[in-house]
Structures are given as structure tokens and as C-alpha cells.
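Student: I'd like to learn how to read helix packing and surface patches. Could you walk me through an example?

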Amino acid sequence: MTDTYTQSAPLSQPLYGASFGQAISRFFKKYATFSGRASRSEFWWTALVVFLVNAVISGIMSTGIIPDENGVYGPTYAIGLVLSIAWFLATIVPWLAIVWRRLHDTNKGGPFYFLVFIPIVGGIIVLILLALESNPEGARFDR
């Protein structure tokens, strides 16, 4: 059973219990919004889509990665490369924004994201922070 708030949360608020479609829609609607918060469901549905699209593009590229006898890569490699660059450029800003907002929902500042630059453990630390439960005190980031 869902309540009215879950179905009609304004874009300025996190949507707890977001469905797949709602999460992806909000991901692109809040393209460059670094303020506010993002619920776990919003973040993880989006992470799943980004991962799956990257996997499909990598699969396309891998079918043409073996060069022929003249050293020329197959056409699917070029297609995959173009798709990869386009997907990266289309999603880098909203990806950073949703990570930033997810950290806000756990009551951490967005700059905690820069921990990913610590070799070996940084990415693990950020992954753990992104998986934390929502903290009501994170409402301080709503503006």
C-alpha cells in the first residue's frame, strides 16, 4: 500500500519507495540539481539503469574489438565507442547530481563524494555511504 506522499512528492523532495519509472524520470528531470535529497530507491534504480546501459554498450564494442588482418577494428567497435561517449556526456552531470543528493539524504555533505579519489578504499567508503538509510537530519540540505 502506498500513501499519497509517495506518489506525489514534489521534485524538491526525495521520493521514498520510488518505482523504476519514477526514479529514471526524476533522474533526468533533476538533471543538474545538486541541492536537496534523493532516496535510496531513486538512486539504486538509476544506478541499475546506468550499469545496464554501460554493459550493453560494452557488449556492442566488444564484438568489434578484435582487429582484422589489416589491423582495422570492426564497425561495431566504432558504433559502441560513439554510443559510449554520448551516454557518458548525457549522464555525467545527472549522475554526479544524484550521488550528491543521495549523500545529502544520509546527512552527509556532497563533497564526501571526493573520497572516491582515495586509492583502493575510497570507492568502497562512498558505496557504503550511498547504501546508508535515510537520515531525517538530512532535511537541512533541502532548499
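Tutor: Here is a short walk from the overall fold to one patch. This is a predicted model, where local features need pLDDT of at least 70, side-chain atom pairs count only at pLDDT 80 or more, and totals for chains, interfaces and linings use all residues. Residues are numbered from 1 along each chain as its sequence is written, and side-chain values use heavy atoms, with hydrogens and water left out.

Student: How many helices and strands are there in the protein chain?

Tutor: Helices (H or I, at least four residues) and strands (E, at least two) are DSSP runs, numbered from the N terminus. The protein chain has 5 helices and 0 strands.

Student: At what angle do α2 and α3 pack?

Tutor: Axes are lines fitted to C-alpha atoms, for helices over the stretch in contact, and angles run from 0 to 180 degrees between N-to-C directions. Helix α2 (residues 20–29) packs against α3 at about 85°, with the axes 8 Å apart. That makes α2 roughly perpendicular to α3 (65 to 115 degrees). Contact means heavy atoms within 4.5 Å; F20, A23, I24, R26 and F27 in α2 meet S41, E42, W45, T46 and V49 in α3.

Student: Is F51 buried or exposed?

Tutor: Buried means under 20% relative accessible area, exposed over 50%, partly exposed in between (1.4 Å probe, protein chains only). F51, in helix α3, is exposed at 55%. Across the protein chain, buried residues make up 34% of the 143 residues.

How values were computed: Angles under 35 degrees count as roughly parallel, over 145 as roughly antiparallel, 65 to 115 as roughly perpendicular and the rest as oblique.
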